[in-house]
Amino acid sequence: MTELSDDRLGAVRLLLKRDDLIHPDFPGNKWRKLAGNLAAAAEQGAETLLTFGGAYSNHIAATAAAGWHFGFRTIGVIRGEEHLPLNPVLARATQQRGMQLTYLDRTRYRAKRDPALLAELAARFGPFYLLPEGGGNELAVHGCAELAAELVGQVPDVDVVVCPVGTGGTLAGLAGGLGPDRRAIGVSVLKGGGFLAEEVASLQRAAFGHETTNWRVVEEFHFGGYARRTPALNAFIDDFAKRHGLVLDWVYVAKMMCGLFAMVQDGRIPAGSTVVAVITGRCADAVRP
């Protein structure tokens, strides 16, 4: 846990939960989500992990690494068309971690939970253990609830926990693990993420048998959508690196952090609050001149 000193925070105390330092191949929330699923896959005798994700998905990268480390074959079903050369995320997943990729156009990708599509994939690739997009299922939610317990143990006076949101599993688990007296705020990295609130609620119902009321999703800090960036976001990343010596992951973490500072300044996070920001994506030390 790292405390951040920044004059823009006023009377808000901010700490960073550096989950990006868990393991080089499983940064951030990825190990929290994968651990229970890997154990279940092994118990079921599965030899193949199949999952879904975008071309820059940290979950795709982590699943490929899990297969490489723990002896599973891995299949990544990627949203959209193939683009060559592969970006660094997919190149590492395939060339260094042995993942096999296949692609679905965006219309078919939206049917990723359709039993007919899953049967088609099984016919093509053989039996597999299914990891949902982003790793979000009941086992993942329980893993993120354990993160909440760990975090509260480290910062007992925490009032608000902020995390980025892509598929909702991390926020669902955090809120469930924090208890009713603390709040969780998820910053959506998706344009048009209005469905996320119901997704988080559904994941909580599946994992805990009920929804909690101590969380919310904010949607105005997506900077153009998933894996998109703008000059304003780039400027925020550069300024943060100069101030704090940390280059923020631009797909998830920078958007969350920009949203957090905005919510401090407009009062959605009240003065006097103790806030923990969960660093779920790979960040890097800034290069000093």
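Biologist: Which residues of the largest nonpolar core touch the most other members?

Modeller: Happy to start there, and please keep in mind that this is a predicted model. As a general idea, nonpolar side chains in soluble globular proteins tend to be buried together. Here the largest nonpolar core has 63 residues, and those touching the most other members are Leu14, Val162, Leu248, Met257, Leu260 and Ile269. Helix H10, residues 253-265, gives the most to this core, with nine residues. There is also a second, separate core of 12 residues, which includes Leu49, Ala66, Phe72 and Tyr129.

Biologist: Which residues is Met257 in contact with, leaving aside its neighbours within four places in sequence?

Modeller: For a core residue, it helps to skip the chain neighbours and look at what comes in from elsewhere in the sequence. With neighbours within four places left aside, Met257 is in contact with Leu14, Leu16, Phe236, Phe240, Leu248, Ala277 and Ile279.

Biologist: Leu248 turns up in that list. Where is Leu248 found?

Modeller: Leu248 is found in the loop between strand S10 (246-247) and H10. Its relative accessible area is 3%, so Leu248 is buried. Not counting residues up to four places away in sequence, Leu248 touches Phe236, Ile237, Phe240, Val253, Ala254, Met257 and Cys283.

Biologist: Back to the helix. How many of the 13 residues of H10 are buried?

Modeller: The way to read this is to ask how much of a helix is covered by its surroundings. In H10, 11 of the 13 residues are buried, so the helix is largely enclosed by the rest of the structure. The buried set is Val253, Ala254, Lys255, Met256, Met257, Cys258, Gly259, Leu260, Phe261, Met263 and Val264. You will notice that Lys255 is among them.

Biologist: What span should H10 have at 1.5 Å a residue?

Modeller: The idea is to compare the end-to-end distance with the expected value. The 13 residues of H10 should span 18 Å, and the end C-alpha atoms are 18 Å apart, which agrees. After the helix comes Gly267, with a positive phi near 90°.

Biologist: Is Met256 buried or exposed?

Modeller: The cut-off for buried is under 20% relative accessible area. Met256, in helix H10, has 0% relative accessibility and therefore counts as buried. Leaving aside neighbours within four places in sequence, Met256 is in contact with Val162, Cys163, Pro164, Val187, Ala277, Val278 and Ile279. Another pair to look at is Met256 and Gly186: they are 70 residues apart along the chain, with their C-alpha atoms separated by 7.9 Å.

Biologist: What do the buried residues of H6 pack against?

Modeller: For a helix like this, list the buried residues, then see which elements they meet. Helix H6 covers residues 138-154, and its 17 residues reach 25 Å from first C-alpha to last, close to the expected 24 Å. Its buried residues are Ala140, Val141, Gly143, Cys144, Ala145, Leu147, Ala148, Leu151 and Val152. These pack against strands S2 (13-17), S7 (160-165) and S11 (274-278), and against helices H1 (30-43), H7 (169-178) and H8 (196-208).

Biologist: H8 is in that set. Which residues is Gln204 in contact with?

Modeller: Gln204 sits in helix H8 and counts as buried because its relative accessibility is 0%. Beyond neighbours within four places in sequence, Gln204 is in contact with Ala172, Ala175, Gly176, Gly209, His210, Glu211, Thr212 and Trp215.

Biologist: Which residues lie nearest the centre of the second largest pocket?

Modeller: With a pocket, look at volume, lining and residue class together. The second largest pocket has a volume of about 460 Å³. Its lining has 21 residues, of which Tyr56, Asn58, Ala61, Val89 and Arg282 lie nearest the centre. The elements that give two or more residues to this lining are helix H2 (58-70) and helix H3 (88-96). By class, the lining has 15 nonpolar, one polar and five charged residues.

Biologist: And the backbone: which peptide bond is cis, with omega near 0°?

Modeller: The peptide bond from Leu84 to Pro85 is cis. Pro85 is found in the loop between strand S4 (73-79) and H3. Positive phi is another backbone feature to check. Phe223 has phi near 50°, and Ala227 has a positive phi of about 60°. Phe223 is found in the loop between strand S9 (215-218) and helix H9 (231-244), and Ala227 is found in the loop between S9 and H9.

Conventions: Residues are numbered from 1 along each chain as its sequence is written. This is a predicted model: local features need pLDDT of at least 70, side-chain atom pairs count only at pLDDT 80 or more; totals for chains, interfaces and linings use all residues. Side-chain values use heavy atoms; hydrogens and water are left out. A nonpolar core is a set of buried Ala, Val, Leu, Ile, Met, Phe, Trp, Tyr and Cys residues joined through side-chain atoms within 4.5 Å. Buried means under 20% relative accessible area, exposed over 50%, partly exposed in between (1.4 Å probe, protein chains only). Helices (H or I, at least four residues) and strands (E, at least two) are DSSP runs, numbered from the N terminus. Contact means heavy atoms within 4.5 Å. The expected span of a helix is 1.5 Å times one less than its number of residues. On a 1 Å grid over the protein atoms alone, a cavity is a set of points where a 1.4 Å probe fits but cannot get out, and a pocket is an open set with protein on both sides within 12 Å along at least five of seven lines; lining residues have an atom within 4 Å of a point. Grid points are joined across faces, edges and corners, and a volume is the space filled by probe spheres set on the points. Ala, Val, Leu, Ile, Met, Phe, Trp, Tyr, Cys and Pro count as nonpolar, Asp, Glu, Lys and Arg as charged, and the others, Gly among them, as polar.
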